[in-house]
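Visitor: Please take a close look at one part of this chain, the open sheets and the loops between strands. I would like one connected account rather than a list.

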Amino acid sequence: MGWVAGLTAVLGLHACQTAGNSVPSQAPPPPQATTPPPAPEPDIPTYRYRIVNTFPHDRNAFTQGLEFYNGYLYESTGQYGRSSLRKVELRTGRVLQIHRLPREYFAEGATIFGDRIYQLTWQNGICFVYTLSNFRQVAQFRYDGEGWGLTNDGKHLIMSDGSETITFRDPETFAEVRKITVRALGRPVKNLNELEYIEGEIWANIWHSDMIARIDPQTGLVKAWVDMEGLPVTDRGIEDVLNGIAYDRQNKRIFVTGKNWSKLFEIELVAPDRSFSKP
Ligand SMILES: [Ca+2]
């Protein structure tokens, strides 16, 4: 109770001072009256996870894009000469359908919008568009800068480029609609990688990190972290980082994997224990 009483006293004193300092109406207001301090951002909770299921994953898949649609995984794999777009059976990890890109392209994020699949490239500045049913290319768009992650909210494509910026794009023209800057406690969050739109949030892998950021699509603020450290993946090379989040909207299942990982995990979140948090 002591600090509450003290806080009340401080607030009361401040109110008295404001009243005591009242000035004639002709005078300009004191500068601090027009520039209230910004509201402090609340602490950002960190969630952990529980493994619900473990599935096989192709160790030759350098995962750059992952989505779940209508019972199947769709995966985009990177590296020059090894880039591909795949339809994958969840239970077995078997590749049911594959489109291999010419060796000059390094594929990145991918997302399904309507009956199309959009697939980014890293530094080629091209987004390929395919039919969902048979991976036949039907269009391509050019963009400036790098392509990293891709998802969509049912209205716009949502793209990362390795920086702290996320760009919303018109799926018809690929034109920029708006951008957000991703921040946590006032600092930019860079290296935003693979993306997934989950229940009104943008989830983003952070390159070379086991942390997933849960981002407010309007403000760019990180609302929560998911700490994925400790997933049982052996023989991970230095570039075999966590990358790839997919969401089964119908059954509310979350899947994660990484580059060249032998496993793909279905996970559930474990809420942080707030009982020891500061008042
Ligand atoms: Ca994804």
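Guide: What follows starts with the chain as a whole, then goes to two sheets, three loop residues and the nonpolar core.

The model is predicted. Its protein chain holds two helices and 22 strands. Of the 279 residues, 32% count as buried. Among contacts between residues at least 6 apart in sequence, 48% join residues at least 24 apart.

Take the sheet with the order β6-β7-β8-β9. This sheet is open, and its four strands pair in the antiparallel sense. At its edges are β6 (107–113) and β9 (137–142), each of them paired on one side only. Averaged over neighbouring strands and with direction ignored, the turn of one strand against the next is 20°. Inside the order, β7 (residues 116–121) and β8 (residues 126–131) are antiparallel partners joined by four bridges. One residue pair can be named here: Y118 has V129 in β8 as its bridge partner.

Further along the chain comes another open sheet, with four strands in the order β10-β11-β12-β13 and antiparallel pairing. Its edge strands are β10 (150–152) and β13 (176–181); each has a single partner strand, so one side of each has no neighbour in the sheet. In this sheet, neighbouring strands are turned by 25° against each other on average, again with direction ignored. The edge strand β10 is joined to β11 (residues 157–160) by three bridges, and the two run antiparallel. Within that pairing, L150 is placed opposite M159 in β11.

Now the loops. R82 belongs to the loop between β3 (72–77) and β4 (84–88). R82 has 15 C-beta neighbours inside 10 Å and therefore counts as partly exposed, as the count lies between the limits of 12 and 20. Leaving out residues up to four places away in sequence, R82 touches F62 and T77. R82 can also be set against F106: the two are 24 residues apart in sequence, while their C-alpha atoms are 7.9 Å apart in space.

Two other loop residues have a backbone feature to check. L185, in the loop between β14 (183–184) and β15 (187–188), has a positive phi near 50° although it is not glycine. L185 has 12 other C-beta atoms within 10 Å, so it is exposed. H208 is also not a glycine, and its phi is positive at about 60°. The loop that holds H208 runs between β17 (201–206) and β18 (211–215). H208 counts as exposed because it has 12 C-beta neighbours inside 10 Å.

The strands on either side of the H208 loop, β17 (201–206) and β18 (211–215), lead to the nonpolar core. In soluble globular proteins, nonpolar side chains tend to be buried together. The largest nonpolar core in this model has 46 residues, and those touching the most other members are I202, A204, I212 and A213. For I212, setting aside neighbours within four places in sequence, the contacts are W203, A204, N205, W225, V226, M228 and I245. One of these contacts, A204, is itself among the core residues that touch the most other members.

Methods:
Residues are numbered from 1 along each chain as its sequence is written. This is a predicted model: local features need pLDDT of at least 70, side-chain atom pairs count only at pLDDT 80 or more; totals for chains, interfaces and linings use all residues. Two strands pair if DSSP finds at least two bridges between them. Axes are lines fitted to C-alpha atoms, for helices over the stretch in contact, and angles run from 0 to 180 degrees between N-to-C directions. Two residues are in contact if their C-beta atoms, placed from the backbone, lie within 7 Å. A nonpolar core is a set of buried Ala, Val, Leu, Ile, Met, Phe, Trp, Tyr and Cys residues joined through C-beta atoms within 7 Å.
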